[in-house]
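Subject: Structure for you to look at

Dear colleague,

I am handing over the structure we spoke about, together with some notes on what was found in it. Please have the sequence and the model open side by side as you read.

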Amino acid sequence: MEKGRHEKSGIGGNKPSVEISVRHLVEFILRGGDIDNRRHANAADAMLEGARIHRKIQGEQGSDYYSEVPLNINIDCNFYNIALSGRADGIIIHDDKITVDEIKGMYADVDKLSEPVPVHLAQAMCYAYIYAQKEELGSISVRMTCCSIGKGNTRYFESDFSFEFLSNWFNDLIEEYKRWAEFELKWSVLRDDSIHECNFPYEYRDGQKELAQNVYRTIVHQKKLFLEAPTGVGKTLAVLFPSIKAMGEGKSGKIFYLTAKNAGAVVANETFSLFRKQGLRFKTVNLMAKEKYCINESCECNPEKCPYAKGHFDRINEALYSLLQRTDDYSTDVIRASAGEFMVCPFEMALDLSLFCDGVICDYNYAFDPRAKLKRFFAQGTKGNYIFLVDEAHNLVDRGREMYSASLRRKDIAVVKKRLKGLSRTLTRHLNTMDRLLKNREEETEGQYRLFGSADDIAVSAGRFAGAYEDVTKEQPIDDDAVLQFYFDVRSFLDIYEILNGKYRIYGKNEGREGFVFRLYNTDPSDNLGQCLENAVSTVFFSATLIPVRYYMDLLAGKKDDYAVYAKSVFDPSKLGVFISKDVSSKYNRRSQNEYEKIAGEISRIISIHNGNYMLFFPSYDFMEKVLVCFYNIAGPEVKCLVQDRKMTENERLLFLEEFSKYGKNSQLDNDKITSVERKEENSVPGVIAGPENKITLVGFCVLGGVFSEGIDLTEESLIGAIVIGTGLPMVCTEREILREYFESSDMEGFDYAYRFPGMNKVLQAAGRVIRTENDRGIAVLMDERFDSRQYRSLFPREWSDTGIVSKEDVSGIESFWKKTDDRDNK
């Protein structure tokens, strides 16, 4: 259980010791009641708020007040010890009276509290017991200092306890915790013994052992590693195996395998299953979005709408303990089944299971997003001993920016005011104030957008609305999704406001029908990500496309003494032909019917050289559709086109890829499934231009940076060519221009950091679809004159050193490539 960690020695000789904090103990053992997302933030969240309130209140106390007093106790439990620790906000020693002070900042109006929150009081009582035992006191007092964040009003609740009462209460609490501590101790021995016996499951590929050694060395030295590993190296195995070994040797705690997309999670789960077949005992959970777990038709997380939410916290501990005895692999299906048996929320159950798991597979946001990160592990002020394995790490730059940015929209305020009409004058008054302040900013915004120097007045107003909302909903929940979402948006805005620094830009923008938006924009997420990375003893960022590595080290909190490794590809470089087509360009000032026709003609010439499956990647849907029309007019009878739709469902995406998987060099498409562009039956593929049954070249029209340009594996004849049209530069927009200005003002390459590097990463990802295994062969064609410039060639992978040039007059390089590969395959 991730309330602390297990030590192999402690008081009493070689007894193992289970470490746990007071806060985690009481939150886990003493929880009860319902899940209700209509109300204000839960107790766990509230305990994390108000650090400034703490300092302010502590600073106002007299000389008899001692702040931040560390308290700990070791409890002998026969064959092990429980090491309980915490820090009292204050100890007041006044004459003969000793009082433990516990300060709690909360968004609710404390004047309306009839008593302190039970779990808060329990935390103070634990501190009181520990202090009284240490000082041999017969009695001790507890003061709960509750302060409303934003309003600043404070209320005190005082209680006197005899040591006998506290002792009996505390012993009951520890007795309830013992079964969890004993389970964890026994499990850790079983797990570590199995890790010691675990071996690498295959013979190492060329360079794979060195990769694993680099990862292990990084963990031992508690550094970060930026690992660029081309497809086929076996990087998932190479990073997980040494991480598991390091954990078994006590060099780290829990492993977090962090992914940008579900495909990465699937690979991680498969890898853990592979190790389990060798006898590894290792508990893992794959955390998904709430909607993926929900047993109901819709996620309405309140006791009136969901029977699993009602009384969830009364039943969850028994449900957890039961499931922990049954299996080591906690899939979504396993969790849903167990949750249904015990009538608890499966999503919350999955989160609690993560406390007891050795490996947690989850999206980036569970580790980094201030609104979604797992506070049970990553609460402010805590220090973990975890390993972070960041899969497809090139995605974390933009994801990080979005995680640490926040917005407020006038349009949303108007909607919420309408929904709240007649329900609360207080909330309406605060909404009117927010709207007036945003209107003032809107009137100051001339042109497309305007930068502002401060958001103080809007943050104060937003804070008052949040506090009022929590007061109102505590007495009477507001069952309205739009209102609840706006409250979350306001809380998010306040959270981001608290961490504003010089790497932020505050701007207002008129967005047409969407109205005015006021945004706190994080240009450089390195500081915020760096704080999160402090929770890990070591982090491995790995991807096939970390080029240039200095860009990623700058923006992902790399330090000068961190490591960067480029893994050599295990594939024969002669099996991939890389070519630049210099006759065309995707520049905006070149976009015309003539240019679209030139691009279509170039594509047609290239794919006519060798029949097979090709994917084309375009800078936008509009660009793609214009070239598609030109291409279809000139394509030969052997060509069939699949077209990525703007709003493809998950099933439609799978069907799209299935056509590539089943349609190899000498096979045919199933024309009973695909008959026209307009066909919309459930099992058809939208966006298909069909033709005669004898067509044997399949061409997929896709968008660069979309779902088909990253994270898909089409091996051998399933895909023999990727043609990338354009350099992938992001569209010129407000935030890209703000990025360019920010990096230029920081003496960095503004255009590169805002446009060129992100664009080239999309190009590399798309081109990387061709070679996925040692049996693959194919071509990657870069269609834009700019690719032949020094600025772009410097961003090519090492394996692309022998890049050829093609034109409308000369495609001999591609002809020669296919002749050589065909001759080799026919030998």
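The notes below deal with salt bridges and then with one strand and its partners.

Please keep in mind throughout that this is a predicted model.

Salt bridges

The structure holds 56 salt bridges, and I describe some of them here. One is formed by the side chains of E158 and K97, with a distance of 4.0 Å from N to O. Because E158 belongs to strand 7 (residues 154–162) and K97 to strand 5 (residues 97–106), this pair ties together parts that lie 61 residues apart in sequence. E158 is exposed, its relative accessible area being 53%, whereas K97 is partly exposed at 39%.

A further salt bridge joins the side chains of E402 and R519, at 3.2 Å from N to O. Since E402 lies in helix 15 (residues 396–403) and R519 in strand 17 (residues 516–522), the pair ties together parts that are 117 residues apart in sequence. Of these two residues, E402 is partly exposed, with a relative accessible area of 47%, while R519, at 9% relative accessibility, counts as buried.

E511 and R409 also form a salt bridge, and their closest N and O atoms are 2.7 Å apart. This pair links distant parts of the chain, with E511 in the loop between strand 16 (504–510) and strand 17, R409 in strand 14 (residues 406–409), and the two positions 102 residues apart in sequence. E511 is partly exposed, with a relative accessible area of 29%, and R409 is likewise partly exposed, with a value of 24%.

Salt bridges also link K587, R590, E595, K598 and E785 in a network.

Strand 26

Strand 26 (residues 778–783) is mostly covered, as six of its six residues are buried. From this strand G778, A780 and L782 point one way, and I779, V781 and M783 point the other way, all of them being buried.

Which strands pair with strand 26 in the parallel sense? Strand 20 (residues 576–581) does so over six bridges, and in this pairing you will find G577 opposite I779 of strand 26. Strand 25 (residues 721–725) also pairs with strand 26 in the parallel sense, over five bridges, and here V724 stands opposite L782 of strand 26.

With best wishes

Notes. Residues numbered from 1 in each chain as written. Predicted model: local features only at pLDDT ≥ 70, side-chain atom pairs only at ≥ 80, totals over all residues. Heavy atoms only, no water. Helix = DSSP H or I, 4+ residues; strand = E, 2+ residues; numbered from the N terminus. Buried < 20%, exposed > 50% of the residue type's maximum accessible area, 1.4 Å probe, protein only. Pairing = 2+ DSSP bridges.
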